[in-house]
Amino acid sequence: MSRIALVLRKDLLVLRRSPLLLALLIVYPLVVAGLVGAVAGYGSSKPRVALVDEDHLPAVVHIGGRAFRITDAIGEVGKNVHLVRMSPDEAARQLRSGRVVATLTVPPGFLDELKSGLSSPSLVYQTTHGGISPRVTQQVQALVYSLDRRLQEAFVQTDLRYVRLIQHGGAATFGGKEYDVLGLDRMHGLLVQLPKSSQRDRVAEFARIASVALGQTGNLLAATASPITLERASEKSRSSLLSAQVEAYALALTITFLALLLAAGALAAERDENAIGRLARGLVSLGELVWAKVALAAVVALALGLGIALVFGVIVEAGGVVGGEPWVRLPLLALGLLLAGASLGAVGALLGALAREARTASLVAVLVVMPIVFLGLVPKQVAPAAGWISDALPFVHAVRYFASALYDARPWSTVVREIAWLVGLGAIFGAAARLATRRLLA
Amino acid sequence: MTAPDPLLRARGVARRFGAQVALEPVDVDVHEGETIALIGPNGAGKSTLLSILAGSLEPSAGTVERVDGMGVGWVPQRPSLYDRLTARENLELFARLEGAENPRVSVDDLLSTFGLPADRAAASLSVGNRQRLNVAIALLGEPRVLLLDEPTASLDPGQRRRLWELVRGGTVVFSTQNLEEIGLYASRVVVLQRGRVTFDGPAREYERVHAAEVFA
């Protein structure tokens, strides 16, 4: 057995004899991953938007012969944003203080203009700058789109009633007066009873063709109002909690925490136990010692990562989620877990060598994990500097590797690129750790 | 008649820790069969010199030569072992790292010789047993020279006697603050003061001339 393998075996034995530490190492990052997910969920929860009703909309509005319950419309919008009714002054104050992210004002005369159908009334929208305001704007646009769709349906139905009246005739009310409309069909019936002539035939033919053409109007109006409709499939899909990205982040966060802490603590512990002096007498070189800790992080990351993937997969399969867990990709995931664990272990070994004492090393590792993870979560478009720093650390490459290896149809280019990153970063941090390990002998 | 080559030869070895000088350049030879007591006040450089002779610390200057292929056993002042491993596991690990041909046999022999509880975690051993385990590990690979850094500092008189019974007979270099051990076990004395060798000679001459001066 090689000397690296002997030290690795010893470290695994020591780890096995520390069940509390092992449990904490597994549970803690999973709890953190859950909390990060909860915070992310809160970030995407409904933003608060002020609704200022200066037109005093009634509870039920009749447009085009159809009744609209305003509360129902607001309720539907409320799936995306939390609409809160308030006065104009209060809305302005809360917008300034940031208590609401936007105000949506129904101006005076809005309903009358809408009912007239002569022009399109406007809702007035005001929002803060930056932050989630673009997302809120999208949601308010979606609200207006949703209201427009409902109104379009009402207007189309109204228009169609008039079309049917012209087509078939019947009783109608205009301006409070009742009329009996002849209609094209009845007109055609009367015409054919008249003495036959070419003029009569031409008018009767026009009435027949016009009636047929108007019969198609309903579909045409509906198609004009909504050239494209969005139909939501009823098929069971992944919930956001079971998404590929969540699995990739959960894996990366867990092994980052584990690898950093294990490698840092295990290397510094060699000094705490005064063993490094004995080992350094030619039994194990400092380089071999560093690589043994890197191997420890890689092996534990592999075992734990596969465990998480298995549990995740079982939940996905048990839930009958569409797509399921990509079991055939597990070997590819295993390779990534090993490499990511090793690369992160090299970072941990560097921390352990710099900290020199196991307790200090563990504390430093815990303190370093969170910035590494959060840097990896910040989109490059939001903070380019964070993206560059993150690129120089293994976490974000682990995330990209896992997501691609598990769920991309053609993962190879991403996988190869991220392998190169992980190996390169591992070699750099490992070499730095080797140099820093000399400090442990002093 | 020429003296036989020393097993260990240190020439001009010195060590600095940053700006602090722990050991000025010193020359020391260790010959077969000698039992050398390395003495001096705290901070004189005894542990540093022993660590350099053992090969666990690189000198800032100078060289250490040893007979080709010769094993050197090293017993640091603070036990160098893994607390969560048992006595047997500690010995087996270091036996394998030493490249022992039959590690289990070597380990069984040492456990028996030192009377150590094989399957108890090192952390739960008494101070005396931890030190015996520390010495037992140093004897793996059957070293021709044994270097001991204040091996009996934390032991009671009975434990000291039993420990010496186990290590006597070979070539030994030990540091100590216990002058009684010099008279009992040392054939030669090397005195270190402020990182310099101020005496290097037979134990009897040291006791006659210098003993009172060193710790004055």
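**Exercise 1.** Is B:V197 buried or exposed?

*Solution.* Let's take this predicted model one step at a time.
- Begin by placing the residue: B:V197 sits in strand β9 of chain B, which covers residues 196–202.
- Next, count its surroundings: 20 other C-beta atoms lie within 10 Å of B:V197.
- Compare that with the cut-off: a residue is buried if 20 or more other C-beta atoms lie within 10 Å of its own.
- B:V197 is therefore buried.

**Exercise 2.** Find which residues B:V197 contacts, leaving aside its neighbours within four places in sequence.

*Solution.*
- Set those neighbours aside, and the contacts of B:V197 are B:V26, B:V190, B:V191 and B:L192.
- Now look at B:E24, 173 residues away from B:V197 along the chain: the C-alpha atoms of the two are separated by 8.6 Å.

**Exercise 3.** Work out how many residues of helix α2 of chain B are buried, and what they pack against.

*Solution.*
- The helix runs over residues 87–97, and 10 of its 11 residues are buried.
- Among them are B:L91, B:F94 and B:L97.
- In chain B, the buried residues pack against α3 (103–114) and α4 (127–138); in chain A, they pack against α1 (3–16).
- Step just past the helix, and you meet B:G99, with a positive phi of about 80 degrees.

**Exercise 4.** Describe the contact between chains A and B.

*Solution.*
- Chain A brings 20 residues to the contact and chain B brings 21 residues.
- On the side of chain A that touches chain B, α1 and α11 (276–279) each supply at least two residues.
- The largest share there, 5 residues, belongs to α1(A).
- Sorted by character, this side of chain A has 10 nonpolar, 4 polar and 6 charged residues.

Note on methods
Residues numbered from 1 in each chain as written. Chains lettered and ligands numbered in written order. Predicted model: local features only at pLDDT ≥ 70, side-chain atom pairs only at ≥ 80, totals over all residues. Buried ≥ 20, exposed ≤ 12 C-beta atoms within 10 Å, placed from the backbone. Helix = DSSP H or I, 4+ residues; strand = E, 2+ residues; numbered from the N terminus. Contact = placed C-beta atoms within 7 Å. Nonpolar A, V, L, I, M, F, W, Y, C, P; charged D, E, K, R; others polar.
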